[in-house]
Amino acid sequence: EQAARNRMEGLRCVLEALEDRGNRAAVLRSAESFGILHVHEIPAKAVRGRGIANGGEKWLHVHQHTSPQDCIDTLHALNFLVFAAVAAPTAVSA
């Protein structure tokens, strides 16, 4: 309980269109281990991989959004600045 109370409220992680469930699970585990409390997700249209039970969502608040703009609007309404990293067009998921 103490660890949950000490989670960071001022930093949010956003996932957009992660198609591989294994990658999603890894990001959620990492967010949880770094002490991030809120993760915002814009789902992919198609999801690859088998279902992976990781339990990370149990300790996180995962907010679902219908579009990138919906997510940005929500974060701006909460007074967050939004920064983005984009994978290179030639990036390949292994």
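These notes go through a predicted model, taking the sheet, its helices and two histidines in turn.

1. **The sheet.** Three strands make up an open sheet, ordered β1-β2-β3, with parallel pairing. β1 and β3 are the edge strands, each pairing on one side only. On average, neighbouring strands are turned by 25° against each other, direction ignored. Strands of a sheet pair through backbone hydrogen bonds, in either a parallel or an antiparallel sense.

2. **Strand pairs.** β1 and β2 are joined in the parallel sense by 6 bridges. In this pair, V14 stands opposite H40 of β2. On the other side, β2 and β3 also run parallel, with 4 bridges between them. There, V39 faces V62 of β3.

3. **Cover of β2.** How many residues of β2 are buried? The count is 7 of 7, so the strand is mostly covered, buried meaning under 20% relative accessible area. Two helices lie against this strand. α2 packs on the sheet and touches β1, β2 and β3. α3 (residues 68-77) lies across β1 and β2.

4. **Helix directions.** The direction of α2 makes about 155° with that of β2. α3 runs at about 150° to β2.

5. **α2, length and ends.** α2 covers residues 21-34, 14 residues in total. From first C-alpha to last, α2 reaches 20 Å, close to the 20 Å expected at 1.5 Å a residue. The N-terminal end is capped by D20: one of the side-chain oxygens of D20 lies 2.7 Å from the backbone nitrogen of G22. After α2 comes G35, with a positive phi near 90°.

6. **α2, its two faces.** Which residues of α2 are buried? They are R24, A25, L28 and A31. These four sit on the same side of α2 because they cover an arc of only 125° around the axis. Their cover includes β1 (8-16), β2 (36-42) and β3 (61-64). The face turned away from this buried side carries S33 and F34, both exposed. R24 deserves a look in the viewer, as a member of the buried set.

7. **H38.** This histidine belongs to strand β2. Is H38 buried or exposed? With a relative accessible area of 9%, H38 is buried, because the cut-off is under 20%. The H38 side chain makes a polar contact with the side chain of E9, at 3.3 Å. Leaving out residues up to four places away in sequence, H38 touches E9, L11, R12, C13, H61 and H63. E9, L11, R12 and C13 fall within β1 (8-16), while H61 and H63 fall within β3 (61-64).

8. **H65.** Where is H65 found? H65 is in the loop between β3 and α3. The relative accessible area of H65 is 6%, so this loop residue counts as buried. Its side chain makes a polar contact with the side chain of D70, at 3.2 Å. D70 lies in α3 (residues 68-77).

9. **Around H65.** Neighbours within four places in sequence aside, H65 is in contact with H40, E41, I42, P43, D70, C71 and T74. Among them, H40, E41 and I42 belong to β2 (36-42). D70, C71 and T74 belong to α3 (68-77). H40 is also the residue opposite V14 in the β1-β2 pair.

Conventions
Residues numbered from 1 in each chain as written. Predicted model: local features only at pLDDT ≥ 70, side-chain atom pairs only at ≥ 80, totals over all residues. Heavy atoms only, no water. Expected span 1.5 Å × (residues − 1). Buried < 20%, exposed > 50% of the residue type's maximum accessible area, 1.4 Å probe, protein only. Arc of directions from axis to C-beta. Contact = heavy atoms within 4.5 Å. Polar contact = N/O pair within 3.5 Å; in protein donor to acceptor, adjacent residues only side chain to side chain. Pairing = 2+ DSSP bridges. Axes fitted to C-alpha atoms, helices over the stretch in contact; angles between N-to-C directions.
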